[in-house]
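Please look over the structure shown below. The paragraphs after it go through the structure part by part.

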Amino acid sequence: MEKDLMVYVLAHKMPPYGLIEDDWHKPLQVGADLSNEDVCELKDNTGYNISKWNPFFCETTGHFWIMNNAEKSDYVGVEHYRRHFGFEKQEVLDILKEFDIIISKPLLMTVSVEKQYEICHIPEDIHAVEKIINKLYPEYSDDYVRYIKHGNKLYCANSYITSWEIFMKMNEFVFNILFEMWKSYGFTTIEDWHRHALESNKQLVPEYHVKNGCDWDTYQLRIGGALAERLNTLYVLHNFNNIFEVELKTLGESV
């Protein structure tokens, strides 16, 4: 029988307080192909997967695994092992009767989404994404200008709960663009992206990442995860009016 709701708890390591697991939360180890740690039973390196590219795609290797391997449910969601929505199951189901998506409360920045990316990451990457959107999804071009080039609202963390159909369409949009970017750069391995990050010499790293031992080239290698946040933002604001925004509850300090 198809489940009505399944939220996958994405983790690359076992936190000291353990992982949420019950009849509607399922831990999923991301980047499992590159790890010697056995975090949980479900891993993103089984079936059709991109686990080995986790340094680039970050937690979205879990999204990719879900869309290609998970058992279908009426509603599906993703949250981090230390960032949770904090709802009871029935609360989620009741919210989704009225809203298209439950998503982490957006960050409201002092500059545009595009400008913030240019400051913190490699500018040519988000410029490449705009060109790909104009080519593959021209119906999003005007809203790219509205929400990314000039807007200041960013849905971070790649965490949300929605219907199975929306989850599939949203991730298809994101991965089509990211794979096309990979192709347009002529890269074939994660090492190509690592060189790209090193050659950028973009050394700005957010303070909370520095405190947790993340050096600048490792941070800049997380291009796919960072761009996915911008693409999710564009997709949600382009497609939905009924958006339920919620502050994620954070546990622990490590990333």
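In this predicted model, a search of the whole structure turns up 26 aromatic pairs. One of them joins Phe-64 and Phe-175, whose rings meet edge-to-face, with 5.2 Å from centre to centre and 80° between the planes. Phe-64 belongs to helix α2 (residues 60–69) and Phe-175 to helix α7 (residues 164–185), so this pair ties together parts that lie 111 residues apart in sequence. Phe-64 has a relative accessibility of 4% and therefore counts as buried, the cut-off being under 20%. Phe-175 counts as buried as well, with a relative accessibility of 3%.

The two residues are also members of a cluster linked by ring pairs. Its members are Tyr-48, Trp-53, Phe-56, Phe-57, Phe-64, Phe-175, Phe-179, Trp-182, Tyr-185, Phe-187 and Trp-193.

Next comes the empty space inside the model. Rolling a probe the size of a water molecule over the atoms shows where such space is left. A search of the whole structure for cavities of 30 Å³ or more finds 1. The largest cavity holds about 40 Å³ of space. Which residues line the largest cavity? They are Thr-60, His-63, Tyr-160, Asn-171, Val-174, Phe-175, Ala-228 and Asn-232. Three elements, α2, α7 and α11 (223–239), each give two or more residues to this lining. Helix α7 provides the largest share, with 3 residues. Sorted by class, the lining consists of 4 nonpolar and 4 polar residues, and no charged residues. Phe-175 thus appears in two settings: Phe-175 pairs with Phe-64, and Phe-175 is among the residues that line the cavity.

Helix α11 also contains Val-236. With a relative accessibility of 0%, Val-236 counts as buried. Which residues does Val-236 touch, leaving aside its neighbours within four places in sequence? Its contacts are Ile-101, Ile-103, Tyr-155, Met-170 and Ile-243. Of these, Ile-101 is 135 residues away from Val-236 in sequence, while the C-alpha atoms of the two are 8.4 Å apart in space.

A further buried position is found in strand β3 (residues 73–80), which contains Ser-73. The relative accessible area of Ser-73 is 1%, so this residue is buried. A polar atom of the Ser-73 side chain lies 2.7 Å from the backbone oxygen of Tyr-75.

The last topic is backbone angles in two loops. Asn-158 is not a glycine, yet its phi is positive, at about 50°. This residue sits in the loop between β7 (153–154) and β8 (160–163). Asn-201 likewise has a positive phi, near 55°, and is a residue other than glycine. The loop that holds Asn-201 runs between α8 (190–200) and α9 (207–211). Are these two asparagines buried or exposed? Asn-158 has a relative accessibility of 2% and so counts as buried, whereas Asn-201, at 47%, counts as partly exposed.

How values were computed
Residues are numbered from 1 along each chain as its sequence is written. This is a predicted model: local features need pLDDT of at least 70, side-chain atom pairs count only at pLDDT 80 or more; totals for chains, interfaces and linings use all residues. Side-chain values use heavy atoms; hydrogens and water are left out. Rings of Phe, Tyr and Trp (its six-membered ring) pair if their centres lie within 6.5 Å; planes under 30 degrees apart count as stacked, over 60 as edge-to-face and the rest as tilted. Helices (H or I, at least four residues) and strands (E, at least two) are DSSP runs, numbered from the N terminus. Buried means under 20% relative accessible area, exposed over 50%, partly exposed in between (1.4 Å probe, protein chains only). On a 1 Å grid over the protein atoms alone, a cavity is a set of points where a 1.4 Å probe fits but cannot get out, and a pocket is an open set with protein on both sides within 12 Å along at least five of seven lines; lining residues have an atom within 4 Å of a point. Grid points are joined across faces, edges and corners, and a volume is the space filled by probe spheres set on the points. Ala, Val, Leu, Ile, Met, Phe, Trp, Tyr, Cys and Pro count as nonpolar, Asp, Glu, Lys and Arg as charged, and the others, Gly among them, as polar. Contact means heavy atoms within 4.5 Å. A polar contact is a pair of N or O atoms within 3.5 Å; within protein, one must be able to donate a hydrogen and the other to accept it, and residues adjacent in sequence count only if both atoms are side-chain atoms.
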